[in-house]
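Here is a short briefing to read alongside your structure. Have the viewer open and follow the topics one at a time.

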Amino acid sequence: MVRKMTNDHLHADVVTTDKTGDRGKYIDFPFPVQKISRRNHPLIRILLAFIKIVKLHKEIDIIFSLGGPWDSGIPAFFAKIVLNKPMVTKVNGDIAWERARIKHLIEDGLEEFQRRRYSVRIEFFRWIQNFVVKRADAVVVPCKFTKRMLMNWGVKDKVIRLIHNGVNNEVLPINLKDTLRSKLNLKNKLLVITVARLIPLKGIDKLIRLLPELRQNISLAIIGDGPERKNLELISDALGVKDRVIFTGNINRQEALGYLRASDLFVLYSDGESMPFSVLEAMVCGLSVVASKVGGISELIEDGKDGILIKLKDMP
């Protein structure tokens, strides 16, 4: 998004977090980026982000918050108050739900999470998230499902802007598919692929557990990384399908597109989604899609026409 703004001759400063901390500009990006180390305590990160935003006050017309409530939303909100500048935020999903699932505090899907109440710890984080979102001057959402979810949080309809996610369709030429499959030693094999962060709510363990029930010539490529990787590797080893599962870790977009082009089927087995870029990119690459019928996925996929949608209760 910021690269597109720069190409359109708009100025943008980025304040973000990473593992290393502030080392000035990213060499690969044609715009200034200030970094805050994730090793800092969350309250320190909030304070540092707020200070960095305020120091940019002469250059700011709009504060755009993209990320979670701690590192992005709260400092953006306080900067909005101090600088008297409008704040826009984008909501791709429910961070409180994602956080609770990642920490193994709950097992509920996204839609069930919206209907239930939980421990003080979870509800406090949910309150912080909703507080920040409801005080934005405009809220961008990628699908109708997320818009309905936010209205249930108490966000006013007039401030919500529906802008669907999109992807750059610069995909690999189709004639490279055989070359890529040969390189991956996939000749005469069927390759199922999923692209996701390796966290519990993505249901990747369920995909691996299905492999023993499928033909031996079917392999699974898992694109992405995350805290569940070690556990997923142990599961594939225990089930005797280690040689049929490809863990790529984090790879760049061009490499990921290469794997998509080399695949036969895309699967997303998630418990909750908004409008996932992974499904969009799979469709751009011409893949058939099998996905859970959750969130905004049904706005992308017409069951039986563009792919197959599976209700969570029907998933093993």
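**Cores, a helix pair and a few residues to look at**

The largest nonpolar core has 61 residues, and those touching the most other members are Val139, Leu150, Val155, Ile193, Leu260 and Phe266. Please keep in mind that this is a predicted model. From the core we move to a helix pair, and then to some individual loop residues.

**The nonpolar cores**

- Leu260 is a good place to start: leaving out residues up to four places away in sequence, Leu260 touches Ile193, Val195, Phe266, Glu281, Ala282, Cys285 and Leu287.
- Apart from the largest core lies another core, of 18 residues, which includes Leu207, Leu220, Phe247 and Val267.
- As background, nonpolar side chains in soluble globular proteins tend to be buried together.

**Helices H3 and H6**

- Helix H3 covers residues 69-83 and helix H6 covers residues 120-134; their axes come within 10 Å and cross at roughly 45°.
- That angle falls outside the roughly parallel, antiparallel and perpendicular ranges, so H3 is oblique to H6.
- The crossing of H3 and H6 is left-handed.
- On the H3 side, Pro69, Trp70, Gly73, Ile74 and Phe77 make the contact, meeting Phe124, Phe125, Ile128, Gln129, Phe131 and Val132 of H6.
- By type, the residues of this H3 and H6 contact are nine nonpolar and two polar, with no charged ones.

**Cys143, in a loop**

- You will find Cys143 in the loop between strand S5 (138-141) and helix H7 (144-153).
- Is Cys143 buried or exposed? Its relative accessibility is 0%, so Cys143 counts as buried, the cut-off for buried being under 20%.
- Setting aside neighbours within four places in sequence, the contacts of Cys143 are Leu162, His164, Ser274, Met275, Gly296 and Glu299.
- Glu299 is 156 residues apart from Cys143 in sequence, but their C-alpha atoms are 7.5 Å apart in space.

**Positive phi at Asn84 and His104**

- Asn84 is not a glycine, yet has a positive phi of about 55°.
- Asn84 lies in the loop between H3 and strand S4 (87-90), and counts as exposed because its relative accessibility is 67%.
- His104, also not a glycine, has a positive phi of about 60°.
- The loop that holds His104 runs between helix H4 (95-102) and helix H5 (110-115).
- With a relative accessibility of 54%, His104 counts as exposed, since exposed means over 50%.

Methods: Residues are numbered from 1 along each chain as its sequence is written. This is a predicted model: local features need pLDDT of at least 70, side-chain atom pairs count only at pLDDT 80 or more; totals for chains, interfaces and linings use all residues. Side-chain values use heavy atoms; hydrogens and water are left out. Axes are lines fitted to C-alpha atoms, for helices over the stretch in contact, and angles run from 0 to 180 degrees between N-to-C directions. Helices (H or I, at least four residues) and strands (E, at least two) are DSSP runs, numbered from the N terminus. Angles under 35 degrees count as roughly parallel, over 145 as roughly antiparallel, 65 to 115 as roughly perpendicular and the rest as oblique. A crossing is left-handed if the near helix is turned anticlockwise from the far one by less than a right angle, and right-handed if clockwise. Contact means heavy atoms within 4.5 Å. Ala, Val, Leu, Ile, Met, Phe, Trp, Tyr, Cys and Pro count as nonpolar, Asp, Glu, Lys and Arg as charged, and the others, Gly among them, as polar. A nonpolar core is a set of buried Ala, Val, Leu, Ile, Met, Phe, Trp, Tyr and Cys residues joined through side-chain atoms within 4.5 Å. Buried means under 20% relative accessible area, exposed over 50%, partly exposed in between (1.4 Å probe, protein chains only).
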